[in-house]
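Here are my notes on the model you sent. Please read them with the structure open.

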Amino acid sequence: MKLSTKGRYGLRAAVELAARQQNGPVSLSIIAAGQGVSEAYLEQLMRSLKKAGLVTTARGKTGGYLLTREPKDISVGELLSALEGTTAIVDCVDVEAEVCDKACTCAARPLFLTLQNRINAVLEQTTLQDLTDDYKEQKKRIEHAKSLS
């Protein structure tokens, strides 16, 4: 599985949103600035997350984006499925793809299935809260290092 920029930037945007939303809706410009992603591209990513029911919007002067659930209740697997469509490493293990005509005789398919199951387990067990906690810790370390300079 190779994540596209859509998956990578979308995860980063979701983390930024989770880290900042305690004070209410977060504007697209704040998320974009925090993650170094263009607002135009970020808008596309947020549209995918909104369509999947993971974020909602609030209009008005203090409007922006909000998660629809707590970060601890959103798995990385859900986010990537919304952004990428599939996390399958090969088509023959993708439940939505057509089954390969060699699936029953492919010597490598059991390996692919094992890999896919392990990837899926990690993606489902890792939450947006886990990523957000790591992100906040990284930011603290960076600020601490800057203060020592």
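**Notes on the predicted model**

1. Start with a helix pair. In this predicted model, the axes of helix α1 (residues 5–20) and helix α3 (residues 39–51) come within 10 Å of each other and cross at roughly 80°. Angles of 65 to 115 degrees count as roughly perpendicular, so α1 is roughly perpendicular to α3. On the α1 side, the contact uses T5, K6, Y9, G10, A13 and L17. On the α3 side, it uses Y41, L42, L45, M46, S48 and L49. By class, the residues of this contact are eight nonpolar, three polar and one charged.

2. Look at S48 next. This residue lies in helix α3 and is one of those that meet α1. Is S48 buried or exposed? Its relative accessibility is 16%, so S48 counts as buried; the cut-off for buried is under 20%. Beyond its neighbours within four places in sequence, S48 is in contact with K6, A82 and L83. K6 belongs to α1.

3. E16 deserves a check. It lies in helix α1. E16 counts as buried because its relative accessible area is 1%, and buried means under 20%. Which residues does E16 touch, leaving aside its neighbours within four places in sequence? They are I31, G34, Q35 and Y135.

4. Now the strand residue Y65. It sits in strand β2 (residues 64–67). With a relative accessible area of 12%, Y65 is buried. Setting aside its neighbours within four places in sequence, Y65 is in contact with L17, P25, V26, L28, M46, V55, T56 and T57. Two of these partners also appear in the helix pair: L17 on the α1 side and M46 on the α3 side. I119 is another matter: Y65 and I119 are 54 residues apart along the chain, and their C-alpha atoms are separated by 29 Å.

5. Turn to the largest pocket. Its volume is about 280 Å³. It is lined by 16 residues, and the closest to its centre are S81, T86, T87, V95 and N120. Two elements, α4 and α5 (109–125), give two or more residues to the lining. Which element gives the most to this lining? It is α5, with six residues. By class, the lining has five nonpolar, eight polar and three charged residues.

6. S81 ties the pocket to a helix. The residue lies in helix α4 (residues 76–84) and is among those closest to the pocket centre. S81 has 38% relative accessibility, so it counts as partly exposed; that class runs between the 20% and 50% cut-offs. From S81 to N23 the C-alpha distance is 28 Å, with their positions 58 residues apart in sequence.

7. Last, the whole chain. Its secondary structure comes to six helices and two strands. From the N terminus on, the order is α-α-α-β-β-α-α-α. Along its principal axes, the C-alpha trace spans about 60 × 40 × 25 Å. Of the 149 residues in the chain, 32% are buried; E16, for one, is in that class. Among contacts with a separation of 6 or more, 65% join residues 24 or more positions apart.

Terms used:
Residues are numbered from 1 along each chain as its sequence is written. This is a predicted model: local features need pLDDT of at least 70, side-chain atom pairs count only at pLDDT 80 or more; totals for chains, interfaces and linings use all residues. Side-chain values use heavy atoms; hydrogens and water are left out. Axes are lines fitted to C-alpha atoms, for helices over the stretch in contact, and angles run from 0 to 180 degrees between N-to-C directions. Helices (H or I, at least four residues) and strands (E, at least two) are DSSP runs, numbered from the N terminus. Angles under 35 degrees count as roughly parallel, over 145 as roughly antiparallel, 65 to 115 as roughly perpendicular and the rest as oblique. Contact means heavy atoms within 4.5 Å. Ala, Val, Leu, Ile, Met, Phe, Trp, Tyr, Cys and Pro count as nonpolar, Asp, Glu, Lys and Arg as charged, and the others, Gly among them, as polar. Buried means under 20% relative accessible area, exposed over 50%, partly exposed in between (1.4 Å probe, protein chains only). On a 1 Å grid over the protein atoms alone, a cavity is a set of points where a 1.4 Å probe fits but cannot get out, and a pocket is an open set with protein on both sides within 12 Å along at least five of seven lines; lining residues have an atom within 4 Å of a point. Grid points are joined across faces, edges and corners, and a volume is the space filled by probe spheres set on the points.
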